[in-house]
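Student: I would like a close look at one part of this model. Please take it slowly and keep to what can be seen there.

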Amino acid sequence: MEYKLIQSSAKKHIALVAHDNMKPDLVAWCQKYVDKLTNHTLYATGTTGNLLQSKTGLEITALISGPLGGDQQIGALITEQKVDMMIFFWDPLEAQPHDPDVKALLRLAAVWNIPVACNQASADFLITSSFFDTSYDKSVPDYDKYIAERT
C-alpha cells in the first residue's frame, strides 16, 4: 500500500466510544476536559453520545448504539477521513457480544493512522498533546492510487 501525507485540521473530529461499564469514566473524563472538547466536532455511539450530552452539555453527533451498528458508523467516518482521533474507553475485563465490531473499529483506526486512547491515561496524553489544538501532517493510505493500480 502506498501512503500520502494529509494535514489534520486544528479543529479535530473526535469519536467518543465507551462500553457500558466504562461510560461513567468517559463522562468524568469529558467533564474534566469540557473546555477543550467544546472547540472540536464530537461524534459518539448512541447511548454514550446521549449520556455525554446530558451530563456535560457538549454538542455531540450521536450515531446509533454500538452493538446495533454504531461501531460501524464510526468506522465508516474513519475511512472517509472524517474522524481525526478516537477516545474509546473499552472494558478489557468483560466479554462483549459485539467484539468483532470492536476489533474491526480498532483495525480501521490503525489502518487510517488515527490516534486512539483506550483508557483515561492515554486520553489524558492525547488531549494535552501539543497536536490536539493544532494542525499536523499524517500519513494515510493512498486509496486513489491503490484503486488506479487495480484497474
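Student: Which residues in H1 meet H3, and which residues in H3 do they meet?

Tutor: This is a predicted model. On the H1 side the residues are Lys23, Leu26, Val27, Cys30 and Gln31. They meet Thr47, Thr48, Leu51, Leu52, Lys55 and Thr56 in H3. Sorted by class, the contact of H1 with H3 has five nonpolar, four polar and two charged residues.

Now the geometry. H1 covers residues 23-32 and H3 covers residues 46-56. Their axes come within 10 Å and cross at roughly 45°. Because of that angle, H1 is oblique to H3. The crossing in which H1 passes H3 is right-handed.

H1 also takes part in the largest nonpolar core, which has 22 residues. Leu16, Leu26, Trp29, Leu37 and Ile87 are the members that touch the most other members. At least two residues of this core come from each of strand E2 (13-18), H1, strand E3 (41-44), strand E5 (85-89) and helix H6 (120-127). With four residues, H1 gives the most to this core. Leu26 therefore appears twice in this account: it is one of the H1 residues that meet H3, and it is among the core members with the most contacts to other members.

Trp29 deserves its own list. Leaving aside neighbours within four places in sequence, Trp29 is in contact with Leu37, Ile87, Phe89, Gln120, Ala123, Asp124 and Ile127. Apart from the largest core lies another core, of 17 residues, including Ile78, Met86, Leu108 and Ile114.

Technical notes
Residues are numbered from 1 along each chain as its sequence is written. This is a predicted model: local features need pLDDT of at least 70, side-chain atom pairs count only at pLDDT 80 or more; totals for chains, interfaces and linings use all residues. Side-chain values use heavy atoms; hydrogens and water are left out. Axes are lines fitted to C-alpha atoms, for helices over the stretch in contact, and angles run from 0 to 180 degrees between N-to-C directions. Angles under 35 degrees count as roughly parallel, over 145 as roughly antiparallel, 65 to 115 as roughly perpendicular and the rest as oblique. A crossing is left-handed if the near helix is turned anticlockwise from the far one by less than a right angle, and right-handed if clockwise. Contact means heavy atoms within 4.5 Å. Ala, Val, Leu, Ile, Met, Phe, Trp, Tyr, Cys and Pro count as nonpolar, Asp, Glu, Lys and Arg as charged, and the others, Gly among them, as polar. A nonpolar core is a set of buried Ala, Val, Leu, Ile, Met, Phe, Trp, Tyr and Cys residues joined through side-chain atoms within 4.5 Å. Buried means under 20% relative accessible area, exposed over 50%, partly exposed in between (1.4 Å probe, protein chains only).
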